[in-house]
Amino acid sequence: MIAWISQPTLPELTVGDMQGKPLFADFDDPLKAASLEIVKFNEDTATVTPFKVAQVEEQWSIPSHENYPADAENQLAEVAAGMIGLKVLDMASDSPGDHELYGVVDPGSGKLKAGDTGVGTRVTMRDQKKDVLLNVIVGKEVPDRDGLRYVRVVDKDPVYTVALKMDKV
């Protein structure tokens, strides 16, 4: 007699599963955002530049500069509104080996060195409880497709195409 033990497997996501759906379905109100952090990488110097603005004691400030007051409420709302409802138009790749090609290598990985290329811009928004509302790496513009960019969710492999303008960020 042979016993067969199996564990159920989760179905893998396909393009059709995410196409037309919001990347961050639970982030539906820009007023929920209480902090914004943007992390960029300088390829020449291998330096990571984080910038954060947050609500501290009901005042917008820059925590890295001793909570220096910032006039950020309108700007944060504009960035949040631009990120809400990011809908997946297409999946460019689900291979981690393609992250550099699409410019979605995580600048916050801690593994970068001078000369590394394909590093994106990490955008993180949190609510008052410091729960993550959105955590995405914005990559290169899609060639010949104005207003479209490659993005991927932090710690996930798939690279998606979304309509996103980075001018407010």
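**Entry 1: a glycine to start with**

Where does G120 lie? I found G120 in the loop between helix 3 (99–102) and strand 6. Before going further, I noted that this is a predicted model. Next I asked myself: is G120 buried or exposed? G120 has a relative accessible area of 5%, and the cut-off for buried is under 20%, so G120 counts as buried. I then looked up what surrounds G120. Leaving out residues up to four places away in sequence, G120 touches V39, G103, V104, V105, P107, I137 and V138. I also checked V105 by distance: V105 and G120 are 15 residues apart in sequence, and their C-alpha atoms sit 5.6 Å apart in space.

**Entry 2: the whole chain**

I stepped back to see the layout. I counted 3 helices and 9 strands in the protein chain. Read from the N terminus, the order is α-β-β-β-β-α-β-α-β-β-β-β. The chain has 169 residues, and 38% of them count as buried. For contacts between residues at least 6 apart in sequence, I noted that 53% join residues at least 24 apart. The accessible surface comes to about 10,900 Å², and carbon and sulfur atoms account for 49% of that.

I also wanted to know how far to trust the picture. The mean pLDDT of the chain is 81, with 76% of the residues at 70 or more. Residues 6–13 are a weak spot, as their pLDDT is below 50. That stretch has 4 contacts in the model beyond near neighbours in sequence.

**Entry 3: strand 7 and its partners**

Strand 7 caught my eye, so to speak. Strand 7 covers residues 132–141, and 7 of its 10 residues are buried. Which way do strand 6 and strand 7 run relative to each other, parallel or antiparallel? They run antiparallel, and 6 bridges join them. One bridge I wrote down pairs R126 with V132 in strand 7. These two strands form a hairpin with 5 residues between them, and in the turn K130 has a positive phi of about 70°.

On to strand 8 (residues 148–153). Strand 7 pairs with strand 8 in the antiparallel sense too, over 4 bridges. This is a hairpin as well, with 6 residues between the strands, and D144 takes a positive phi near 60° there.

I stayed a moment with E141, which lies in strand 7. Its bridge partner in strand 8 is R149. Beyond residues up to four places away in sequence, E141 touches L148, R149 and Y150. I also measured nothing by hand, but looked up one computed distance: E141 and L164 are 23 residues apart in sequence and 9.2 Å apart in space, C-alpha to C-alpha.

**Entry 4: the cores**

How many residues does the largest nonpolar core have? It has 26, and those with the most contacts inside it are L23, M125, L134, V136, V151 and L164. Strand 1 (35–42), helix 2 (73–83), strand 6, strand 7, strand 8 and strand 9 (159–163) each supply at least two residues of this core. Strand 7 gives the largest share, 4 residues. Apart from this core lies another one, of 8 residues, with Y102, I137, L148 and V154 among them. My side note: in soluble globular proteins, nonpolar side chains tend to be buried together.

I picked V151 for a closer look. Its contacts, not counting residues up to four places away in sequence, are L23, V104, V136, I137, V138, P158, V159, Y160, V162 and L164.

**Entry 5: two more buried residues**

Is R122 buried or exposed? R122 has 17% relative accessibility, so it counts as buried. R122 sits in strand 6. The side chains of R122 and N135 are joined by a polar contact of 3.3 Å. Leaving aside residues up to four places away in sequence, R122 also has contacts with others, including E37, D106, G108 and V154.

T161 came last, and I found it in strand 9. T161 counts as buried because its relative accessibility is 8%. Beyond four places in sequence, its contacts include K87, V88, L89, V142 and L148. The C-alpha atoms of T161 and Y102 are separated by 9.9 Å, although the two are 59 residues apart along the chain.

How values were computed
Residues are numbered from 1 along each chain as its sequence is written. This is a predicted model: local features need pLDDT of at least 70, side-chain atom pairs count only at pLDDT 80 or more; totals for chains, interfaces and linings use all residues. Side-chain values use heavy atoms; hydrogens and water are left out. Buried means under 20% relative accessible area, exposed over 50%, partly exposed in between (1.4 Å probe, protein chains only). Two strands pair if DSSP finds at least two bridges between them. Contact means heavy atoms within 4.5 Å. Accessible areas come from the Shrake-Rupley method with a 1.4 Å probe; for residues, only the protein chains shown count as cover. A nonpolar core is a set of buried Ala, Val, Leu, Ile, Met, Phe, Trp, Tyr and Cys residues joined through side-chain atoms within 4.5 Å. pLDDT is the predictor's confidence in each residue, from 0 to 100. A polar contact is a pair of N or O atoms within 3.5 Å; within protein, one must be able to donate a hydrogen and the other to accept it, and residues adjacent in sequence count only if both atoms are side-chain atoms.
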